[in-house]
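Student: Please give me a close look at one part of this model, the lining of the second largest cavity. I would like the account to be connected to whatever adjoins that part.

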Amino acid sequence: MPSPLTTTLIQSTLLNALSNILAQIIAQLKKDGPFTLNTLALLQFLTYAIIIVPINFSWQKYLEARWPGFPGRSRSRPDAVAGAEAKGSAVVVTVEPADLLPVKEKEEKQRVSGARWRRRWRWRSRPRSGLGNFLMKFFLDQTVGSVMNILLFIVLINLIYEDFGPIMIARLKYRPVVSALLYTVVPLERRVVFGSACGVVWGIYLSLYAAV
């Protein structure tokens with residue numbers, strides 16, 4: 001069974017190819033004569049997809065690992081521990097049978113185990129704001145993520161640095177809506193494909209911008 005990255009790469013590459021072909025059709029509608037596929041331009045966009053999809057896949061995994069969750073949600077303690085607390089029961093660490101250890105040594109081991117458990121408890125129960133994590137992911141996707149994608153596009157499609165500004169402005173007109181959906185309703189493993197699906201129109205724009 002293919003890995004999530006492989007599945008994402010195949011799906012996103014096909015969507016990028018579709019957007020480029022549609023852009024070529026749109027660009028040639030105003031011209032006389034039969035449609036002729038620009039194979040070089042298509043290969044450029046396929047290369048762009050093959051390079052950028054794994055990068056975006058890892059980028060989305062990093063964002064979710066660093067700032068997990070959706071707005072209105074936060075990490076909670078494990079259900080079993082939370083349930084035990086709600087019932088008023090204690091967590092008991094059994095070290096050794098009582099008849100195999102002296103009482104003092106047994107109490108010392110239980111004290112050490114209890115201290116370790118309390119440290120793990122404090123780390124696990126530390127609340128995180130779902131809204132705060134969403135805003136951080138949203139901000140980074142609009143800044144670092146956008147710059148990374150546009151710079152790679154400029155390099156691979158042989159444009160120049162002066163094209164960065166217009167492309168960035170165009171991206172900011174649609175990407176915030178995509179990011180809002182990405183970090184509120186779309187599961188992590190589907191985010192790159194969802195972004196590629198939403199980006200078909202964006203891919204058409206890029207293709208036309210590159211004078212395909």
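Tutor: By class, six nonpolar residues, one polar residue and one charged residue make up the lining of the second largest cavity (nonpolar: Ala, Val, Leu, Ile, Met, Phe, Trp, Tyr, Cys and Pro; charged: Asp, Glu, Lys and Arg; polar: the others, Gly among them). This is a predicted model, in which local features need pLDDT of at least 70 and side-chain atom pairs count only at pLDDT 80 or more, while totals for chains, interfaces and linings use all residues. Residues are numbered from 1 along each chain as its sequence is written, and side-chain values use heavy atoms, with hydrogens and water left out.

The lining residues are Tyr48, Asn149, Ile150, Phe153, Ile167, Arg171, Trp202 and Leu206. They surround about 40 Å³ of space (a cavity is a set of points on a 1 Å grid over the protein atoms alone where a 1.4 Å probe fits but cannot get out, and lining residues have an atom within 4 Å of a point). At least two lining residues come from each of H5, helix H6 (164-172) and H9, and H5 has the largest share, with three (helices are DSSP runs of H or I of at least four residues, numbered from the N terminus).

There are two cavities of 30 Å³ or more. The largest cavity holds about 350 Å³ and has 25 lining residues, with Asn56, Asn149, Arg175, Gly195 and Ser196 nearest its centre. Two or more of these lining residues come from each of helix H1 (4-28), helix H2 (39-66), helix H5 (130-156), helix H7 (175-182), helix H8 (191-198) and helix H9 (200-209). H2 contributes the most, seven residues. In this lining, twelve residues are nonpolar, nine polar and four charged.

Gly195 and Ser196 are also among the buried residues of H8, together with Arg191, Val192 and Val193 (buried: under 20% relative accessible area with a 1.4 Å probe, protein chains only; exposed: over 50%; partly exposed: in between). The buried residues of H8 pack against H1, H2, H5, H7 and H9 (contact: heavy atoms within 4.5 Å).

Trp202, from the smaller lining, leads to the aromatic pairs. Eight such pairs are found in the whole structure (rings of Phe, Tyr and Trp, the latter by its six-membered ring, pair if their centres lie within 6.5 Å; planes under 30 degrees apart are stacked, over 60 edge-to-face, the rest tilted). Tryptophan 202 and tyrosine 205 form a stacked pair, because their ring centres are 5.3 Å apart and their planes at 25 degrees. Both residues lie in helix H9, three residues apart, about one turn of the helix. Tryptophan 202 is buried at 11% relative accessible area, whereas tyrosine 205, at 29%, is partly exposed. Tyrosine 205 also pairs with tyrosine 209: the centres are 5.9 Å apart and the planes at 40 degrees, so this pair is tilted. Tyrosine 205 and tyrosine 209 are four residues apart in helix H9, about one helical turn, and tyrosine 209 is partly exposed at 28% relative accessibility. Ring pairs join Tyr174, Trp202, Tyr205 and Tyr209 into a cluster.

Key
1 Å grid on protein atoms, 1.4 Å probe; cavity = no way out; pocket = protein on both sides within 12 Å on 5 of 7 lines; lining within 4 Å. Points joined across faces, edges and corners; volume = space filled by probe spheres on them.
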